[in-house]
Amino acid sequence: MQVAYQLARFVRAALTVLLLSSVLAPRAHADAGDFQAMPGLWKIVTHAKGAPHETVAWHCVDEDADPWASFALPPPDASCQRSDEHRSRTSLDWNMQCHALPALHGRVAFDSPEHYSASLGAEGAEPLLRVDGRRYAACTSPKD
């Protein structure tokens with residue numbers, strides 16, 4: 001029960017940080033030829049291990065957005081540190097160490113410029129989080 005509670009807190013914190021980081025993160029140029037993700041309005045569906053329901057969030061990614069701020073699952077709190085970050089044209093990989101959790105590995109992989117799958121979990125174990133991201137439309141205003 002304690003693990004399920006920590007996992008639920010982890011998911012809520014991760015989603016909150018993801019949404020805030022997309023709004024507050026400084027914009028770094030990410031050339032479309034360098035990283036294969038289209039700007040626009042993205043629907044992010046998160047499935048947490050042991051959680052009864054998935055969560056849905058909408059996220060507007062602009063043309064010059066930093067892929068790490070826009071697509072990588074953020075650390076859930078200040079005790080977590082991301083390391084060994086690797087970026088290719090279609091993926092982001094990293095390791096994360098948090099105070100109350102085992103070492104984690106995160107991955108975002110694009111199978112097209114309009115769809116990605118992401119996961120976060122311990123190496124060799126079933127992921128704690130699975131994320132599906134799909135681009136739906138162009139962003140029409142800063143409030144998207």
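**Exercise 1. Find the residue in E6 that stands opposite Val108, then describe how E5 and E6 are joined.**

Step 1. Start at Val108 and look across to E6: Ala118 stands opposite. Keep in mind as you work that this is a predicted model.

Step 2. Now widen the view to both strands. E5 and E6 pair in the antiparallel sense, over seven bridges.

Step 3. Follow the chain from one strand to the other. Two residues lie between E5 and E6, and the two strands form a hairpin.

**Exercise 2. Turn to E4 and work out which residues of E5 stand opposite Ser91 and Asp93.**

Step 1. Locate the strands: E4 covers residues 91–97, and E5 covers residues 104–112.

Step 2. Read off the partners. Ser91 stands opposite Ala109 in E5, while Asp93 has Arg107 as its bridge partner there.

Step 3. Check the direction and the count. The pairing of E4 with E5 is antiparallel, over six bridges.

Step 4. Trace the connection: a hairpin of six residues joins E4 to E5.

**Exercise 3. Place these pairs in the whole sheet, and name its edge strands.**

Step 1. Recall how such pairs are held: strands of a sheet pair through backbone hydrogen bonds, either parallel or antiparallel.

Step 2. Walk across the sheet. Seven strands come in the order E2-E1-E7-E6-E5-E4-E3, with antiparallel pairing, and the sheet is open.

Step 3. Look at the ends of that order. Strand E2 (55–61) and strand E3 (81–87) are the edge strands, as each pairs on one side only.

Step 4. Add the twist, which averages 20 degrees from one strand to the next.

**Exercise 4. Decide whether Ala122 is buried or exposed, or in between, and find its contacts beyond its sequence neighbours.**

Step 1. Find Ala122 in the loop between strand E6 (115–121) and E7.

Step 2. Apply the cut-offs: buried means under 20% relative accessible area and exposed means over 50%. Ala122 has 26% relative accessibility, so Ala122 counts as partly exposed.

Step 3. Leave aside the neighbours within four places in sequence; Ala122 is then in contact with Ala103 and Leu104.

Step 4. Compare sequence with space. Ala122 and Ala103 are 19 residues apart in sequence, yet their C-alpha atoms are 6.1 Å apart.

**Exercise 5. Which residues make the nonpolar surface patch of about 330 Å²?**

Step 1. Pick out the members: Val56, Trp58 and Tyr136.

Step 2. Place one of them. Tyr136 belongs to strand E7 (residues 129–137).

Step 3. Check its exposure: Tyr136 has a relative accessible area of 46%, so Tyr136 is partly exposed.

Technical notes
Residues numbered from 1 in each chain as written. Predicted model: local features only at pLDDT ≥ 70, side-chain atom pairs only at ≥ 80, totals over all residues. Heavy atoms only, no water. Patch = residues over 30% accessible without salt bridge, like charges linked within 9 Å, V, L, I, M, F, W, Y side chains within 5 Å. Areas by Shrake-Rupley, 256 points an atom, 1.4 Å probe, with all protein chains shown as cover. Salt bridge = Lys/Arg side-chain N within 4 Å of Asp/Glu carboxyl O. Helix = DSSP H or I, 4+ residues; strand = E, 2+ residues; numbered from the N terminus. Buried < 20%, exposed > 50% of the residue type's maximum accessible area, 1.4 Å probe, protein only. Pairing = 2+ DSSP bridges. Axes fitted to C-alpha atoms, helices over the stretch in contact; angles between N-to-C directions. Contact = heavy atoms within 4.5 Å.
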